[in-house]
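Trainee: I have a model open and want to reason through its fold. Where should we begin?

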Amino acid sequence: EEASTKPQEVQKTKNAFLTNMSYEIRTPLNAVVGFAELFDTDHSPEDEHVFIHEILTNSDKLLHLVNGILFLSRLDANMIKIDVKPCDFSKTFESHCHNGWDRYTREGVNYVTENPYQELVVDIDANNLGHVIEYITANAAQYTKSGMVRARYDYIGRQLMISVEDSGEGISSEHIHRIYDRFNNDTNKGSGLGLPISKELTEKMGGTLEINSEVGKGTTVWITIPCQASVVKRKKYI
């Protein structure tokens with residue numbers, strides 16, 4: 001029974017991948033091809049900046065999607081190694097936040113980073129934790145059209161605690177239980193790769209990732225990474 005069930009599960013996974021990802025891959029690819037072909041049609045020179053903008057935007061979407069798929073395949077193949085080294089997290093936190101949400105910034109939304117440390121040297125995998133922060137902040141910015149996106153962190157009880165809060169659309173109770181499913185596209189909003197990758201990477205680092213969300217009231221993501229600090233210098237506020 002186990003021998004017959006395994007191939008069925010593999011086939012089901014393949015079918016789910018093709019069903020959910022075909023739309024996500026073909027949509028930006030068709031846009032790139034379509035706008036590129038417009039250069040060979042009758043058009044005014046003023047339209048060309050629109051063509052170029054759409055080509056670059058959709059190429060960027062396709063690149064990030066392919067990178068996400070390749071990253072998942074590396075996770076599955078156990079090719080992602082956790083490399084723990086001393087890192088001054090106070091110097092890297094804000095750049096990871098900006099790298100994540102810069103692609104989705106909108107007018108009318110306030111993007112805030114709260115960095116309470118002048119220096120915080122902790123033993124972490126800075127590279128993989130950076131990936132997690134960028135995925136989470138990108139998700140928050142992507143679905144926040146007004147209000148704010150706020151990222152902050154603290155070091156408490158030998159744990160690095162990071163939170164990303166937004167005032168965006170939120171996630172309904174009927175979808176919250178499936179947010180970690182790979183290629184989950186029930187809401188037809190994105191590929192659904194960011195959260196599964198973030199959760200698997202966080203757990204690989206020995207940490208936890210939790211989400212609290214309500215439709216119309218936004219979402220908060222908490223990331224906790226166990227680590228040891230060798231230098232702790234808080235900023236002095238007057």
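**Core and sheet**

Mentor: Start with the core of this predicted model. The largest nonpolar core holds 44 residues. Those with the most contacts inside it are Phe89, Ile124, Leu129, Leu160, Ile162 and Ile223.

Trainee: Which element gives the most to this core?

Mentor: The contribution in question is six residues. The element that gives them is α4.

Trainee: What should α4 span, and why?

Mentor: Helix α4 runs over residues 126–142, which is 17 residues. The expected rise is 1.5 Å a residue, so the span should be 24 Å. The end C-alpha atoms agree: they are apart by 24 Å.

Trainee: Which residues does Phe89 contact, leaving aside its neighbours within four places in sequence?

Mentor: Leu129 and Ile133 are among them, and both are buried in α4. The others are Leu120, Val122, Ile124, Tyr153, Leu160 and Ile162.

Trainee: What is the strand order of the open sheet?

Mentor: The sheet has five strands, with mixed pairing. Its edge strands, each pairing on one side only, are β2 (109–114) and β6 (208–214). The order is β2-β4-β5-β7-β6.

Trainee: How many bridges join β6 and β7?

Mentor: Strand β7 covers residues 218–226. Ser213 stands opposite Thr219 in β7. The pairing of β6 and β7 is antiparallel, and the bridges number seven.

Trainee: What angle does the direction of α4 make with that of β5?

Mentor: α4 packs on the sheet. There, α4 touches β2, β4, β5, β6 and β7. Its direction and that of β5 make an angle of about 20 degrees.

Key. Residues are numbered from 1 along each chain as its sequence is written. This is a predicted model: local features need pLDDT of at least 70, side-chain atom pairs count only at pLDDT 80 or more; totals for chains, interfaces and linings use all residues. Side-chain values use heavy atoms; hydrogens and water are left out. Helices (H or I, at least four residues) and strands (E, at least two) are DSSP runs, numbered from the N terminus. The expected span of a helix is 1.5 Å times one less than its number of residues. Buried means under 20% relative accessible area, exposed over 50%, partly exposed in between (1.4 Å probe, protein chains only). A nonpolar core is a set of buried Ala, Val, Leu, Ile, Met, Phe, Trp, Tyr and Cys residues joined through side-chain atoms within 4.5 Å. Contact means heavy atoms within 4.5 Å. Two strands pair if DSSP finds at least two bridges between them. Axes are lines fitted to C-alpha atoms, for helices over the stretch in contact, and angles run from 0 to 180 degrees between N-to-C directions.
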